[in-house]
Amino acid sequence: MTTQEVPIDDLTEASLKILEVASELFYRHGIHAVGVDTIAEESGVTKRTLYNNFGSKDALVSTYLSNRHSAWWQRLEDRIAALDAPRALAFFDVYADEGDTVTRGCAFLNAAAELPRGHAAFDVVVYHKRSIEERLAELIAEDLPDAADPQRLARHVFLLLEGAFVHQGIHGDELMVQAREIARDLLT
């Protein structure tokens, strides 16, 4: 990743608390709506401690998204390992599992709507979404070696996945279930 985030393994107890609070606030209220004063106060630290640990709000936002990506990616890889072909369906399962906890849509798309291109945290969003599509293409190429164009098929599945996830807050799980069925049809 081309970000300046603080590696999670290097975080102190105070840093982890700041990250936990900031992650909740950024997701619930939006990045711009949450100031460092609020994060510090709700974390039980001073602004100086926040800046000493993260350097800037921008670095904290990048760390928030990088941490979210890492945790999500681990859940995805665990699900992929438990499935038979077509393993690309694991993406739909992971997104569906998040239906109860993801109440304000995709954290990455929400962040992209608030951040300018070129912002380090925007780069994390691009990395996350690109990684999803690339992993889909890898799995499709492995599971369907006779597929004429695994990249194009991955793009179709990616768009189904993302569209269903974006609408999950509006339609509940219905579209995710239907999108998974369409993807299964495309992949078998």
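# Asking why, helix by helix

Visitor: Why does Gln151 count as exposed?

Guide: Its relative accessibility is 53%, and exposed means over 50%, so Gln151 counts as exposed. This is a predicted model, by the way. Gln151 is found in helix α8.

Visitor: How far apart are the C-alpha atoms of Gln151 and Ala141?

Guide: They are separated by 8.2 Å, while the two residues are ten residues apart along the chain.

Visitor: What makes Asp173 partly exposed?

Guide: Its relative accessible area is 41%. Partly exposed covers what is neither under 20% nor over 50%, so Asp173 is partly exposed. You will find Asp173 in the loop between α9 and α10. From C-alpha to C-alpha, Asp173 and Gly35 are 33 Å apart in space, with their places 138 residues apart in sequence.

Visitor: How do you know that Ser15 is buried?

Guide: Buried means under 20% relative accessible area, and Ser15 has 2%, so Ser15 is buried. Ser15 lies in helix α1. Leaving aside neighbours within four places in sequence, Ser15 is in contact with Asn53 and Phe54. Tyr95, by comparison, is 80 residues away in sequence and 28 Å away in space, C-alpha to C-alpha.

Visitor: Now to the helices. What makes α1 roughly perpendicular to α4?

Guide: The axes of helix α1 (residues 13-29) and α4 cross at roughly 85° and come within 10 Å. Angles of 65 to 115 degrees count as roughly perpendicular, so α1 is roughly perpendicular to α4.

Visitor: Which residues in α1 and α4 meet?

Guide: On the α1 side they are Ile18, Leu19, Ala22, Ser23, Phe26 and Tyr27, and on the α4 side Lys57, Leu60, Val61, Thr63, Tyr64, Asn67 and Arg68.

Visitor: How do you know that the charged end of Arg68 sits over the ring of Tyr27?

Guide: The charged end of Arg68 is 4.7 Å from the centre of that ring, and the distance cut-off is within 6 Å. A direction test, within 35 degrees of the ring normal, belongs to the criterion too, and the Arg68 and Tyr27 arrangement counts as a charge sitting over a ring.

Visitor: Why are α5 and α10 called roughly antiparallel?

Guide: α5 and helix α10 (residues 174-187) pack at an angle of about 175°, with their axes 10 Å apart. Over 145 degrees counts as roughly antiparallel, and therefore α5 and α10 are described that way. Phe92, Asp93, Tyr95 and Ala96 in α5 meet Met176, Ala179, Arg180 and Ala183 in α10.

Visitor: What makes α8 roughly antiparallel to α10?

Guide: α8 and α10 pack at an angle of about 170°, and their axes are 8 Å apart. With the cut-off at over 145 degrees, that makes α8 roughly antiparallel to α10. Among the residues making the contact are Leu153, His156 and Val157 of α8, and Leu175, Met176 and Ala179 of α10.

Visitor: Why is α5 called mostly covered?

Guide: Six of its eight residues are buried, where buried means under 20% relative accessible area. Those residues are Ala90, Phe91, Phe92, Asp93, Val94 and Tyr95. Their cover includes α4, α7, α8, α9 and α10.

Visitor: How many aromatic pairs does a search of the whole structure find?

Guide: The search finds five. One of them joins Trp72 and Phe91, with 6.3 Å from centre to centre and 45° between the planes.

Visitor: Why is the aromatic pair of Trp72 and Phe91 called tilted?

Guide: Rings pair if their centres lie within 6.5 Å, and 6.3 Å meets that limit. Stacked needs under 30 degrees and edge-to-face over 60; at 45° the pair is therefore tilted. It links distant parts of the chain, with Trp72 in helix α4 (residues 57-82) and Phe91 in helix α5 (residues 90-97), 19 residues apart. Both Trp72 and Phe91 are buried. Ring pairs also join Trp72, Trp73, Phe91, Tyr95 and Phe165 into a cluster.

Visitor: Which residues have the most contacts inside the largest nonpolar core?

Guide: Phe26, Ile39, Leu60, Leu65, Phe91 and Ile132 do, in a core of 57 residues. Helix α7 (residues 120-143) gives the most to this core, namely nine residues. Beyond neighbours within four places in sequence, the contacts of Leu65 are Ala107, Phe108, Ala111, Ala121, Val124 and Val125.

Visitor: What kind of peptide bond runs from Ala85 to Pro86?

Guide: That bond is cis, with omega near 0°. Pro86 lies in the loop between α4 and α5.

Key. Residues are numbered from 1 along each chain as its sequence is written. This is a predicted model: local features need pLDDT of at least 70, side-chain atom pairs count only at pLDDT 80 or more; totals for chains, interfaces and linings use all residues. Side-chain values use heavy atoms; hydrogens and water are left out. Rings of Phe, Tyr and Trp (its six-membered ring) pair if their centres lie within 6.5 Å; planes under 30 degrees apart count as stacked, over 60 as edge-to-face and the rest as tilted. Helices (H or I, at least four residues) and strands (E, at least two) are DSSP runs, numbered from the N terminus. Buried means under 20% relative accessible area, exposed over 50%, partly exposed in between (1.4 Å probe, protein chains only). A nonpolar core is a set of buried Ala, Val, Leu, Ile, Met, Phe, Trp, Tyr and Cys residues joined through side-chain atoms within 4.5 Å. Contact means heavy atoms within 4.5 Å. Axes are lines fitted to C-alpha atoms, for helices over the stretch in contact, and angles run from 0 to 180 degrees between N-to-C directions. Angles under 35 degrees count as roughly parallel, over 145 as roughly antiparallel, 65 to 115 as roughly perpendicular and the rest as oblique.
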